[in-house]
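Subject: Structure for your files

Dear colleague,

Here is the structure you asked about. My notes on the helices and the sheet follow below.

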Amino acid sequence: SVLLLAPLLGWLTLFAQVRHYWGEGSYYAYGWVIPFLAFILGLRRLRDDPPETISPDPAGGKAVALLVFLMASLIPLRLVAEPDPYWRLPLWLQAAILILATLITLRLFIGRSAYRNFLFPCLFTLTALPWPTFAESALVHTLTGWVTAIDVEILLLSGQPAQVISNVIQVAGESIEIDATCSGIRSFQCLLAFGLFFGEYFRLRRGGRCLVALAG
């Protein structure tokens, strides 16, 4: 039971840090629901492969030592991230360590199948984290450019002369700026996360999961 509490406390601490990104108006306002969805995916996996059908893996000394080391390594990461809660790198490092620690803990209790059964629910929690800055900026820039280009085409097709300069549309002597918040980034990230959830929940094949994510 103590082994189970260690990763759980680690996840609670991580989500307490990430909550700064889950505020209203944020790209990641949906993030608060991700831990619950990941828990549901874990329960579904446990139902499909109940403990009675697998033999628990003995709590080997190496696994326990590795688990202690991983949990101890979270302390310096937490101290490094404390001055700046919006620094994303420590959040991703903590999440990676917690995923590994969670899988090791589950293996000690339910056997080797824990890696196969609970890897996706653990990885799914990453959708609650803010994307790396370079990836987020590139996505926002790309989506904003697409929105701007589509708007200009619609104006031209409707007979309104329009010209685009960067993310600004000039039409009828006025300038309309397409802001980053109009890029669709929030919907993109939210629907991608829910597409991944439904693909796993209904245990779709790889092609089906990709289709659901693309549909989102």
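**Helix H4 against helix H5**

H4 passes H5 in a right-handed crossing. Please keep in mind that this is a predicted model. The axes of helix H4 (residues 88–110) and H5 cross at roughly 145 degrees and come within 9 Å of each other. On the H4 side, the residues in contact are Ile99, Thr102, Leu103, Ile104, Leu106, Arg107 and Ile110. They meet Ser113, Ala114, Tyr115, Phe118, Leu119, Cys122 and Leu123 in H5.

**Helix H2**

Helix H2 takes in residues 34–48, which is 15 residues. At 1.5 Å a residue it should span 21 Å, and its end C-alpha atoms are 21 Å apart, so the expected span and the model agree.

Which residues of H2 are buried? They are Ile34, Leu37, Ala38, Leu41, Gly42, Arg44 and Arg45. These buried residues cover an arc of only 160 degrees around the axis, and therefore lie on the same side of H2. Note that two arginines, Arg44 and Arg45, are in the buried set. Phe36, Phe39 and Arg47, on the other side of H2, are exposed.

What do the buried residues of H2 pack against? Their partners are helix H5 (113–124), helix H7 (185–201) and helix H8 (206–215). H5 thus appears twice in these notes, as a partner of H2 and as a partner of H4.

**The sheet**

There is an open sheet of three strands, with the order S1-S2-S3 and antiparallel pairing. S1 and strand S3 (174–177) are the edge strands; each has a single partner strand, so one side of each has no neighbour in the sheet. On average, neighbouring strands of this sheet are turned by 25 degrees against each other, direction ignored.

Strand S1 (residues 162–165) and strand S2 (residues 168–171) are joined by four bridges in the antiparallel sense. Within this pair, Gln163 has Gln170 of S2 as its bridge partner, and Val164 stands opposite Ile169 in S2. The hairpin of S1 and S2 has two residues between the strands, and Ser166 there takes a positive phi near 60 degrees. As background, strands of a sheet pair through backbone hydrogen bonds, either parallel or antiparallel.

Regards

Conventions:
Residues numbered from 1 in each chain as written. Predicted model: local features only at pLDDT ≥ 70, side-chain atom pairs only at ≥ 80, totals over all residues. Heavy atoms only, no water. Expected span 1.5 Å × (residues − 1). Buried < 20%, exposed > 50% of the residue type's maximum accessible area, 1.4 Å probe, protein only. Arc of directions from axis to C-beta. Contact = heavy atoms within 4.5 Å. Pairing = 2+ DSSP bridges. Axes fitted to C-alpha atoms, helices over the stretch in contact; angles between N-to-C directions. Left-handed = near helix turned anticlockwise from the far one by under 90°.
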